[in-house]
Amino acid sequence: MNTDAFIAGDHGLAAVRSAEETVWINPRLLPFDVVDGLSQLVVSDDDIADAAARLRRFAPLVRRAFPETEETDGLIESPLRAVPAMQKRLSDGYGAQIPGRLLLKMDSHLAIAGSVKARGGIYEVLKHAERLAMDAGLLAHDDDYAKIADLRDFFARYTMQVGSTGNLGMSIGIMSAAIGFHVRVHMSADAKQWKKDLLRAHGVEVIEYADDYSRAVAEGRRASDADPMSHFVDDEKSVDLFLGYAVAAERLAAQLRAQEITVDREHPLIVYIPAGVGGAPGGVSYGLRRLYHDDVHCFFVEPAQCPSVLLGVATQRFERANVHDFGITGKTDADGLACASPSSLVTRIMTNHMAGVFTVSEAHLYDYLRDLDASEGIRIEPSSCAAFAGPVGLLRCPAARDYCAAHGLTEERLHRAAHIAWATGGRLVPAEVWEEYLRTYR
Ligand SMILES: *Cc1c(COP(=O)(O)O)cnc(C)c1O
């Protein structure tokens, strides 16, 4: 592919092609009101409200199957926590000026799956289970959904399948197994051994591929399509996954209100979310844009070695973009972000909503991991740590400073800003793997 033409049209892509740590600012970002109508045709406010209501109906079942969710009454939700010591460490250690407050959204510690995938993945499993049970006359809208726990024999006739680098497989696998589905997880070469072991311990069938994530998805899709009793969770285009992630926005809004953090033009909200195929950051960001319009600024963060969502949006080749076409390796220790091609749905729907994408080096993933552990005593996995490249880069990268200037993020407003680094995974990492992470330098 002739990548020079893309770079000639968008100079920011030169540093991306050389796999440097950089920021790419999205020239197609539009004011919310301009894109609202078109966006709603694809995913509407009603769709998101419907997803939120479904998760509430399922709460009694989730609570029964996973006692760890008792505290949140069967809702799978994570804390939002200010991290002032990390904020100071980032400014001292990296020369990063981070005006305002830095907060950590701890999806790293979500119940059941220990990652952001507990939002989208579990939502899609529950929605599918609801439809099967309703079609069979075994469940009605007004029932207490806890009774689904007694339908294991019914669900055992059906199979759920998914392609995954690890965490999506864990979320689909653990929830599907709890409901009684037969589950097959197709895992790419990037998947960590401990994730495969954990899934097998839950009775999940794990199929391993020596190839990358796209291959695992393609094989899983093929196997599922050949079986009428099987449902494939399609990370590259599923609207249900997207909706599960989008529900995060109203939950976050409630947490911000509870912590008396205002979001408006004078108090901007800036979020930084690690992206693999784009589903999780896409759904969360889209939900936030629907609530906060132009007062929220949504940045994705990707490994410099695997910026697939960035390239999909920047080139407008969407799911046909592939990091290898730009001579980028696609190889990263951030296993949750190791997707060489992005989601077709997310690259399209976020084209006019996304502020830009920061890229992060392999070395910094581990540096930030140690920094957060040392400063706040919080451990999140390397993929999650990508998020910190956002607040570190915002006022350091000239292109990001230009973004601030162009979008009314003045010095005064930035001093009142809330920056949210979205921690996307970590709770299930075994102790010996933490020791290895803490000792890794790239
Ligand atoms: C999956 C994942 C992401 C990104 O989600 P996508 O939907 O693939 O973009 C980020 N961090 C972690 C830890 C993940 O597992």
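1. How many of the six residues of strand β8 (residues 269-274) are buried? In this predicted model, six of the six are buried, and the strand is accordingly described as mostly covered. The cover extends to both faces of β8, with L269, V271 and I273 buried on one side and I270, Y272 and P274 buried on the other. That division into two sets follows a general pattern, since in a regular strand the side chains alternate between the two faces of the sheet.

2. The partners of β8 can be taken in turn. Strand β9 (residues 296-303) pairs with β8 in the parallel sense over six bridges, and within this pairing I273 stands opposite F300 of β9. Strand β11 (residues 418-423) also runs parallel to β8 and is joined to it by four bridges, with I270 standing opposite H419 of β11.

3. The connection between β8 and β9 deserves a separate remark, as helix α13 (residues 279-292) forms with these two strands a right-handed β-α-β unit.

4. Helix α12 (residues 248-258) has a set of buried residues comprising A248, A249, R251, L252, A253, Q255 and L256. In general, an α-helix has 3.6 residues a turn, so residues three or four places apart point the same way. After α12 comes E260, a residue whose phi is positive, near 55°.

5. L256, which lies in helix α12, can be examined more closely. Because its relative accessibility is 0%, and buried means under 20%, L256 counts as buried. Leaving aside residues up to four places away in sequence, L256 touches L80, I261, V263, L269, Y292 and I420. One of these contacts, L269, belongs to β8 (residues 269-274), while I420 falls within β11 (residues 418-423). Although L256 and I420 are 164 residues apart in sequence, their C-alpha atoms are 11 Å apart in space.

6. At the level of the whole protein, the domain assignment gives domain 1 (3-113 + 240-439) and domain 2 (116-237). The contact between them takes 47 residues from domain 1 and 41 residues from domain 2, and the centres of the two domains, taken over C-alpha atoms, are separated by 25 Å.

7. The area buried between domain 1 and domain 2 comes to about 3,900 Å², of which carbon and sulfur atoms give 63%. Eight salt bridges are counted between domain 1 and domain 2. As for individual ion pairs, the side chains of R64 and D150 meet in a salt bridge, with an N to O distance of 3.0 Å.

How values were computed. Residues are numbered from 1 along each chain as its sequence is written. This is a predicted model: local features need pLDDT of at least 70, side-chain atom pairs count only at pLDDT 80 or more; totals for chains, interfaces and linings use all residues. Side-chain values use heavy atoms; hydrogens and water are left out. Buried means under 20% relative accessible area, exposed over 50%, partly exposed in between (1.4 Å probe, protein chains only). Two strands pair if DSSP finds at least two bridges between them. A crossover is right-handed if, with the strands pointing away from the viewer, the path from the first strand over the helix to the second runs clockwise. Domain bounds come from an automatic or database domain assignment. Contact means heavy atoms within 4.5 Å. Buried area is the accessible area (1.4 Å probe) that two parts lose on being put together, summed over both. A salt bridge is a side-chain nitrogen of Lys or Arg within 4 Å of a carboxyl oxygen of Asp or Glu.
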